[in-house]
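Work through the exercises below with the structure open beside you. Try each task before reading its solution.

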Amino acid sequence: DLPGSWPATELVAWYNGHPDFQGLSFDLSCERVVVVGAGNVAVDVARMLALTDEELRGTDTTDEAIAAISAAGIRESVLLARRGPAQAAFTTPELKELGELAGADVVVEPADLELDPVSEAALESDTNARRNLEVLREYGAREPAGKPKTLRLRFCVSPVAILGDGRVEAVEVVRNELVADERGRLRAVPTEERETIPCGLVFRSVGYQGIPLPGVPFDPRSATMPNREGRVLDDRGEPLPRVYCAGWIKRGPSGVIGTNKKDATETVERVLEDAQAGLLARPEDATAARVVELLAERGVEFVSYGGWEAIDAAERSRGAAQGRPRVKLCTWDELLAAARATEDSPFRG
């Protein structure tokens with residue numbers, strides 16, 4: 001709860017221009033930042049804070065974030081992974097981007113890349129982990145080039161406490177060892193070895209947990225909806241009529257866009273099967289046009305696909321003048337004004 005300890009997702013939403021997060025203020029004047037986690041969000045946060053002004057200027061990051069990151073006092077970002085390099089959740093393309101930073105050296109201790117027999121064996125069937133390890137070993141063999149910033153990747157360490165008097169001043173970490181359970185799965189077990197890392201900011205990126213919806217079955221142990229191929233199941237294990245799930249609430253918070261596309265396809269196929277079997281009966285007037293009429297009757301403002309295209313065109317036009325992919329509209333008023341300009345908007349004018 002100390003000032004300076006943030007969910008990583010709030011920083012990501014801020015620099016990406018989400019209207020709900022533009023009022024946040026991050027004190028980036030400290031010299032060292034600790035990022036807790038070993039997924040793509042953690043890597044993205046560490047990478048963004050290491051970018052030079054020139055690198056940032058060619059992106060669609062918000063102008064306010066570009067100015068703040070460029071003026072930051074940060075000289076080192078330390079990423080903490082609870083388990084070893086073979087268990088890290090980031091994907092290889094994101095990991096490779098770290099090695100292309102113009103203003104930051106990537107540092108990995110070779111000793112952190114020594115694998116236990118279980119991890120070594122797992123690499124044979126895990127292409128992403130194998131490629132990650134190749135990249136990490138290349139980083140471990142690099143001599144630092146003396147760039148102004150350092151991005152340090154550490155493995156088998158967990159935060160024990162965030163320390164500070166009135167604000168974040170350090171993180172206490174414990175060294176872990178990987179221990180195989182009876183099924184051969186590796187757990188991170190803390191040792192007696194501890195260390196304090198001075199820092200001024202902490203970004204927590206340790207995953208997501210699903211939450212229940214009223215009246216919908218939920219398994220608190222896995223934080224998912226019990227389901228069979230996307231059909232949500234009741235307490236007897238039978239599919240509930242017309243209730244489906246997809247994504248992380250279906251299988252837990254794991255995987256990237258490709259994983260979720262495959263997952264969604266499976267659920268949609270079940271929906272179509274049920275529709276063809278006559279299990280999704282609906283009133284005759286339940287048409288797309290009737291939905292639009294109902295929303296208008298209730299005064300619910302929405303953005304159609306045409307409205308989204310108008311927003312996209314407006315942002316791209318703003319960016320073209322600066323040689324950037326886009327310059328984002330960062331308030332709801334700006335976004336809705338752009339969407340209202342389309343001919344198909346029910347709220348136009």
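A pocket here is an open set of grid points where a 1.4 Å probe fits, with protein on both sides within 12 Å along at least five of seven lines. Its volume is the space filled by probe spheres set on the points. Keep in mind that the model is predicted.

**Exercise 1. Describe the second largest pocket: its space, its lining and the elements behind it.**

Solution.
- Start with volume. The second largest pocket holds about 300 Å³ of space.
- Next, the lining. It has 15 residues, and Ala86, Gln87, Ala88, Asp126 and Ala129 lie nearest the centre of the pocket.
- Sort the lining by type. It divides into 8 nonpolar, 4 polar and 3 charged residues.
- Now find the elements. α6 (117-122) and α7 (127-141) each give at least two lining residues. The largest share, 3 residues, is from α6.

**Exercise 2. Do the same for the largest pocket.**

Solution.
- The largest pocket holds about 1100 Å³ of space.
- Its lining counts 35 residues, with Gly39, Ala89, Ser205, Val206 and Gly207 closest to the centre.
- Elements giving two or more residues to this lining are α1 (8-15), α2 (40-50), β3 (76-81), β6 (157-163) and α9 (257-276).
- β6 provides the largest share, 3 residues.
- By type, the lining of the largest pocket splits into 17 nonpolar, 14 polar and 4 charged residues.

**Exercise 3. Is glutamate 76 buried or exposed, and which side chain does it join through a polar contact?**

Solution.
- Locate the residue. Glutamate 76 is in strand β3.
- Check its accessibility. The relative accessible area of glutamate 76 is 12%. The cut-off for buried is under 20%. Glutamate 76 is therefore buried.
- Look for a partner. The side chains of glutamate 76 and arginine 32 are joined by a polar contact of 2.5 Å.
- List the surroundings. Leaving out residues up to four places away in sequence, glutamate 76 touches Glu31, Arg32, Val33, Thr150 and Arg152.

**Exercise 4. Place arginine 324 and describe its surroundings.**

Solution.
- Arginine 324 sits in the loop between α11 (305-320) and α12 (332-340).
- Its relative accessibility is 8%, so arginine 324 counts as buried.
- The side chain of arginine 324 makes a polar contact of 3.1 Å with the side chain of glutamine 322.
- Set aside neighbours within four places in sequence. Arginine 324 then contacts Arg57, Thr59, Asp60, Thr61, Asp63, Ile66 and Gly319.

**Exercise 5. Which residues have the most contacts inside the largest nonpolar core, and which element gives it the largest share?**

Solution.
- Count first. The largest nonpolar core has 45 residues.
- Within this core, Leu49, Leu153, Phe155 and Phe203 have the most contacts.
- The largest share of the core, 7 residues, comes from α2.
- Another core lies apart from it, with 11 residues, including Leu80, Val171, Ile197 and Val202.
- Zoom in on leucine 153. Not counting neighbours within four places in sequence, leucine 153 contacts Leu79, Leu95, Leu98, Val106, Val107, Val108, Asp112 and Leu136.

**Exercise 6. Sum up the whole chain.**

Solution.
- The chain has 12 helices and 12 strands.
- Its C-alpha atoms fill a box of roughly 65 × 55 × 40 Å along the principal axes.
- Of the 349 residues in the chain, 38% are buried.
- Take the contacts between residues at least 6 apart in sequence. Of these, 66% join residues at least 24 apart.

Notes. Residues are numbered from 1 along each chain as its sequence is written. This is a predicted model: local features need pLDDT of at least 70, side-chain atom pairs count only at pLDDT 80 or more; totals for chains, interfaces and linings use all residues. Side-chain values use heavy atoms; hydrogens and water are left out. On a 1 Å grid over the protein atoms alone, a cavity is a set of points where a 1.4 Å probe fits but cannot get out, and a pocket is an open set with protein on both sides within 12 Å along at least five of seven lines; lining residues have an atom within 4 Å of a point. Helices (H or I, at least four residues) and strands (E, at least two) are DSSP runs, numbered from the N terminus. Ala, Val, Leu, Ile, Met, Phe, Trp, Tyr, Cys and Pro count as nonpolar, Asp, Glu, Lys and Arg as charged, and the others, Gly among them, as polar. Buried means under 20% relative accessible area, exposed over 50%, partly exposed in between (1.4 Å probe, protein chains only). A polar contact is a pair of N or O atoms within 3.5 Å; within protein, one must be able to donate a hydrogen and the other to accept it, and residues adjacent in sequence count only if both atoms are side-chain atoms. Contact means heavy atoms within 4.5 Å. A nonpolar core is a set of buried Ala, Val, Leu, Ile, Met, Phe, Trp, Tyr and Cys residues joined through side-chain atoms within 4.5 Å.
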